[in-house]
Amino acid sequence: MPQSTPETHVIDFRAAEQLLAARDPRGAVKLLDSVITAHPENTAARLLRARAFFGAAQLRAAELEFQLVLEREPDNAFAHFALGRTLERAGRPDEAMRHFRLAAALDPRPDFVEAARFGEPRSGERGE
């Protein structure tokens with residue numbers, strides 16, 4: 001196996017981006033594992049791996065990775081939104097809504113605001 005260097009990690013990261021774009025999330029995860037082992041503090045690599053886990057329907061792994069990103073960057077609107085999508089897909093809509101609303105509050109992009117459904121009652125609430 002070739003020696004891992006910072007340069008090979010950059011190459012692996014970029015290749016993982018391409019694999020994810022080409023709808024090969026499992027291949028992306030494999031490349032990112034070595035990058036994260038060598039650079040566990042690299043939030044960009046962790047965020048990309050979380051997206052790859054989500055794309056591979058490995059929801060628990062995606063959730064854990066998105067949470068780790070948010071521990072380091074609590075104001076990362078995309079990570080909140082993606083965690084919301086992960087929780088929604090896992091059948092946990094109330095937890096998902098919290099993250100959708102945080103994402104929309106941090107960055108009022110139309111897709112974040114739409115997911116947050118501001119103005120609509122939450123499940124279990126009544127408009128009285």
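A crossing of two helices is called left-handed if the near helix is turned anticlockwise from the far one by less than a right angle. In the predicted model described here, helix 1 passes helix 2 in such a left-handed crossing. The contact draws on His-9, Asp-12, Phe-13, Ala-15, Ala-16, Leu-19 and Leu-20 of helix 1, and on Pro-25, Gly-27, Ala-28, Leu-31, Leu-32, Ser-34, Val-35 and Ala-38 of helix 2. By character, the residues of this contact comprise 11 nonpolar, 3 polar and 1 charged. The two helices pack at an angle of about 155°, and their axes are 8 Å apart; because angles over 145 degrees count as roughly antiparallel, helix 1 is described as roughly antiparallel to helix 2.

The largest nonpolar core of the model contains 32 residues, and those with the most contacts inside it are Leu-32, Ala-45, Leu-48, Phe-66, Phe-81, Phe-100 and Phe-112. At least two residues of this core are supplied by each of helix 1 (6–21), helix 2 (25–38), helix 3 (43–55), helix 4 (59–72), helix 5 (77–89), helix 6 (93–106) and helix 7 (110–116). When residues up to four places away in sequence are not counted, Leu-48 touches Phe-13, Ala-16, Glu-17, Leu-20 and Leu-32.

A further position considered is Thr-86, which lies in helix 5. Thr-86 has a relative accessible area of 1% and is therefore buried, since the term applies to values under 20%. With neighbours within four places in sequence left aside, Thr-86 is in contact with Phe-54, Leu-59, Ala-62, Glu-63 and Phe-66.

Notes: Residues numbered from 1 in each chain as written. Predicted model: local features only at pLDDT ≥ 70, side-chain atom pairs only at ≥ 80, totals over all residues. Heavy atoms only, no water. Core = buried A, V, L, I, M, F, W, Y, C linked by side-chain atoms within 4.5 Å. Buried < 20%, exposed > 50% of the residue type's maximum accessible area, 1.4 Å probe, protein only. Helix = DSSP H or I, 4+ residues; strand = E, 2+ residues; numbered from the N terminus. Contact = heavy atoms within 4.5 Å. Axes fitted to C-alpha atoms, helices over the stretch in contact; angles between N-to-C directions. Parallel < 35°, antiparallel > 145°, perpendicular 65-115°, else oblique. Nonpolar A, V, L, I, M, F, W, Y, C, P; charged D, E, K, R; others polar.
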